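Q: Please take a close look at the charged side-chain contacts in this model. Start with one pair, then work outward to the surroundings.

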Amino acid sequence: NSAMLHFKTGRYGAAAEQYLSALATYRETVGTKHPLYAKTLSNLAGVYEEEGRLEKAGPLLEEALAVYARTVGRDHPDYALAYTGLADSYHFLATYGANSPREVFPKAKEEAKRALDLNENLAEAHHSLGGIYLLYDWDWESAESEFKQTIDLRYNHIITYEWYSIC
């Protein structure tokens, strides 16, 4: 989406505006208890983190975690994305210094694996698990395998190429 493109090209203000607009739309359409709302909260937190505004990023991640926690209780493949979002939110809490990596990365791994149990063809879940293997476990082979699967499933998942280059 264009917000992610703005984010990746360093246009954080434009990215934040688009994420805020998406949040307003989701509030009116699907509500604040939907995985898309939580994912957008998490993405906006990433923008604020890149700007060094951790005081704004932390609460957004906590809200995203709460939304995901309410939505992921269902064992339906459609909820695999919510588990992935929960994994990513835990990952961000460690990456952005809000929580200890030892505290949240094991939770992130558990949620990413749960997502893959529900939908083994979800590129985002493979990417999340690959990031955990790379940054927390330092398991380069497993990270590489997950990133390759992500690319096989969704060749245009741009950030995966960046992380895959580290392996």
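**Salt bridges and their setting**

A: Start with Lys 148 and Glu 144, whose side chains form a salt bridge with an N to O distance of 3.6 Å. The model is a predicted one. How far apart along the helix are Lys 148 and Glu 144? They sit 4 residues apart in helix 8 (residues 140-153), so about one helical turn separates them. Lys 148 is partly exposed, at 40% relative accessibility. Glu 144 is partly exposed as well, with a relative accessible area of 29%. Elsewhere, salt bridges with shared partners tie Glu 110, Glu 111 and Arg 114 into one network.

Take that network next. Within it, the side chains of Arg 114 and Glu 111 meet at 3.5 Å, N to O. Arg 114 and Glu 111 are both in helix 6, 3 residues apart, which is about one turn of the helix. Are these two partners buried or exposed? Arg 114 is partly exposed, at 30% relative accessible area. Glu 111 has 8% relative accessibility and counts as buried, because the cut-off for buried is under 20%. This bridge therefore joins a partly exposed Arg 114 to a buried Glu 111. In general, side chains of opposite charge can pair when their charged atoms come close.

Now a contact between helices. Asp 137 and Lys 109 form a salt bridge at 2.6 Å, N to O. This pair connects distant parts of the chain: Asp 137 belongs to helix 7, Lys 109 to helix 6 (residues 101-118), and their positions lie 28 residues apart in the count. Asp 137 is partly exposed, with a relative accessible area of 29%. In total, the structure holds 8 salt bridges, and the pairs described here are among them.

Aromatic contacts come next. There are 4 aromatic pairs in the structure. One of them is Phe 105 with Tyr 136, a stacked pair at 5.0 Å centre to centre and 15° between the planes. Which helices does this pair link? Phe 105 is in helix 6 and Tyr 136 in helix 7, 31 residues apart, so distant parts of the chain are linked. Phe 105 is buried, at 5% relative accessibility. Tyr 136 is partly exposed, with a relative accessible area of 30%. Helix 6 and helix 7 are thus joined by an aromatic pair and by the Asp 137 to Lys 109 salt bridge.

Two more tyrosines deserve a look. Tyr 96 is in the loop between helix 5 and helix 6. Tyr 96 is buried, with a relative accessible area of 14%. Its C-alpha atom is 15 Å from that of Leu 86, and the two residues are 10 apart along the chain. Tyr 83 lies in helix 5. Tyr 83 is also buried, at 2% relative accessible area. From Tyr 83 to Asn 99 is 16 residues in sequence and 19 Å in space, C-alpha to C-alpha.

Step back to the whole chain. Its secondary structure amounts to 9 helices and 0 strands. Read from the N terminus, the elements run α-α-α-α-α-α-α-α-α. The radius of gyration is 15 Å, close to the 15 Å given by the globule rule for 167 residues, so the chain is as compact as a globular protein of that length. Along the principal axes, the C-alpha atoms fill a box of roughly 40 × 35 × 30 Å. Buried residues account for 44% of the 167 residues.

Finish with open space. How big is the largest pocket? Its volume is about 1200 Å³. The lining has 37 residues, and the closest to the pocket centre are Met 4, Tyr 19, Lys 39, Asn 43 and Ile 159. Helix 1 (2-8), helix 2 (12-29), helix 3 (35-50), helix 5 (80-95), helix 7 (123-137) and helix 9 (158-164) each give at least two residues to this lining. The largest share comes from helix 3, with 9 residues. By class, the lining has 16 nonpolar, 13 polar and 8 charged residues. Helix 7 thus has a part in the lining, and it also holds Asp 137 of the salt bridge to Lys 109.

Terms used. Residues are numbered from 1 along each chain as its sequence is written. This is a predicted model: local features need pLDDT of at least 70, side-chain atom pairs count only at pLDDT 80 or more; totals for chains, interfaces and linings use all residues. Side-chain values use heavy atoms; hydrogens and water are left out. On a 1 Å grid over the protein atoms alone, a cavity is a set of points where a 1.4 Å probe fits but cannot get out, and a pocket is an open set with protein on both sides within 12 Å along at least five of seven lines; lining residues have an atom within 4 Å of a point. Grid points are joined across faces, edges and corners, and a volume is the space filled by probe spheres set on the points. Ala, Val, Leu, Ile, Met, Phe, Trp, Tyr, Cys and Pro count as nonpolar, Asp, Glu, Lys and Arg as charged, and the others, Gly among them, as polar. A salt bridge is a side-chain nitrogen of Lys or Arg within 4 Å of a carboxyl oxygen of Asp or Glu. Buried means under 20% relative accessible area, exposed over 50%, partly exposed in between (1.4 Å probe, protein chains only). Rings of Phe, Tyr and Trp (its six-membered ring) pair if their centres lie within 6.5 Å; planes under 30 degrees apart count as stacked, over 60 as edge-to-face and the rest as tilted. The radius of gyration is taken over C-alpha atoms; the globule rule is 2.2 Å times the number of residues to the power 0.38.
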